[in-house]
Amino acid sequence: PRPPARTRGSAGAMEGSRVPAAQPLASLAVEPRPQDATVVLVPVEPPPRDYLACSLASLLYFNCCFLGLMAVVFSIKSRDRRMLGDRSGARSYGSRARQLNIAAVLLTVVATAALVAILARQAAAIA
C-alpha cells in the first residue's frame, strides 16, 4: 500500500492536524520594543554596631561605677533603634555604649592598679 499523499504545508504533521493559513504581514501586530531601563545601584551601608557583647562583658567583668550597666542599656537602645530603621539614632546610642565600655575598662584597670600599689606598699611597710 502506498502512504497517503501529503498536502502542502503539512510535512511531518499527523493526519487530521491543520496548518494555519499564512497571514499577510500587514495584519500581524508588532509589539513595541520595551524601553531601556536605568539601574541605579545604591551602596548598602553596614548596620550600625550596638556593642552588646562588649557591654555584657563590661557588666560582668568591669562594672566600675555601674558603667557596664549603663553600657548595656545604651546597647539595647541602639539595637531597638536599628530595628525601627533609625540609623542615626542607632549609631548615636551605639557610640555612647562604646564610650561607656572604654571608660568602664579604663577605670577598672586604673582602680585595680592603684589597689595593687597600695597593698604592695603596705606589705613592704610591714615587712
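**Exercise 1. S75 and its surroundings**

Does S75 count as buried or exposed, and at what relative accessibility? Work it out on this predicted model, then list what S75 touches.

*Solution.* Start with the location: S75 belongs to helix α2. Next, take the relative accessibility, which is 1%. The cut-off for buried is under 20%, so S75 counts as buried. Now look for neighbours, skipping residues up to four places away in sequence: S75 touches D50, Y51, L52, S55 and A97. One of these, S55, deserves a second look, as the side chains of S75 and S55 are joined by a polar contact of 2.6 Å.

**Exercise 2. The neighbour I76**

Find where I76 sits, and say how far its C-alpha atom is from that of L52.

*Solution.* I76 is also placed in helix α2. Its relative accessibility is 43%, so I76 counts as partly exposed. For the distance, go from C-alpha to C-alpha: I76 and L52 are 24 residues apart along the chain, yet 7.1 Å separates these atoms. L52 has turned up before, among the residues that S75 touches.

**Exercise 3. An aromatic pair**

How many aromatic pairs does the structure hold? Track down the residues and describe their geometry.

*Solution.* There is one aromatic pair. Its partners are F74 and Y93, with 5.8 Å from centre to centre and 40 degrees between the planes, which makes the pair tilted. To see what the pair links, check the elements: F74 lies in helix α2 and Y93 in helix α3, so the pair ties together parts that are 19 residues apart in sequence. Then check accessibility. F74 is partly exposed, with a relative accessible area of 23%, and Y93 is partly exposed too, at 24% relative accessibility. Finally, look over the face of F74: K77 lies there, at 5.6 Å from the ring centre.

**Exercise 4. Two unusual phi angles**

Inspect C65 and F66, and say what stands out in their backbone.

*Solution.* Begin with the background: most residues other than glycine have a negative phi. C65 is not a glycine, but its phi is positive, at about 60 degrees. F66 isn't a glycine either, and its phi is again positive, at about 60 degrees. Where are they? C65 is in the loop between α1 and α2, and F66 is found in that loop as well. As for accessibility, C65 is exposed, with a relative accessible area of 59%, and F66 is exposed at 56%.

**Exercise 5. Helix α3 from end to end**

What is the span of helix α3, and which of its residues are buried?

*Solution.* Helix α3 runs over residues 87-126, which is 40 residues. From its first C-alpha to its last it reaches 58 Å, close to the 58 Å expected at 1.5 Å a residue. Its buried residues are G89, A90, G94, A97, L100, N101, A104 and T108. They pack against α1 (52-61) and α2 (67-84). A97 is one to remember, being among the residues touched by S75.

**Exercise 6. Annotation against model**

Take the "transmembrane region" annotation from UniProt and see what the chain does over each stretch it covers.

*Solution.* According to the unreviewed UniProt entry, the annotation covers residues 56-76 and 97-120. Over residues 56-76 the chain is 76% helix and 0% strand, with the end C-alpha atoms 11 Å apart. Over residues 97-120 it is 100% helix and 0% strand, and the end C-alpha atoms are 34 Å apart.

Technical notes: Residues are numbered from 1 along each chain as its sequence is written. This is a predicted model: local features need pLDDT of at least 70, side-chain atom pairs count only at pLDDT 80 or more; totals for chains, interfaces and linings use all residues. Side-chain values use heavy atoms; hydrogens and water are left out. Helices (H or I, at least four residues) and strands (E, at least two) are DSSP runs, numbered from the N terminus. The expected span of a helix is 1.5 Å times one less than its number of residues. Buried means under 20% relative accessible area, exposed over 50%, partly exposed in between (1.4 Å probe, protein chains only). Contact means heavy atoms within 4.5 Å. UniProt positions are given in the numbering used here, feature names are shortened, and annotations may be inferred rather than shown by experiment. A polar contact is a pair of N or O atoms within 3.5 Å; within protein, one must be able to donate a hydrogen and the other to accept it, and residues adjacent in sequence count only if both atoms are side-chain atoms. Rings of Phe, Tyr and Trp (its six-membered ring) pair if their centres lie within 6.5 Å; planes under 30 degrees apart count as stacked, over 60 as edge-to-face and the rest as tilted. A charge sits over a ring if NZ of Lys or CZ of Arg is within 6 Å of the ring centre and within 35 degrees of the ring normal.
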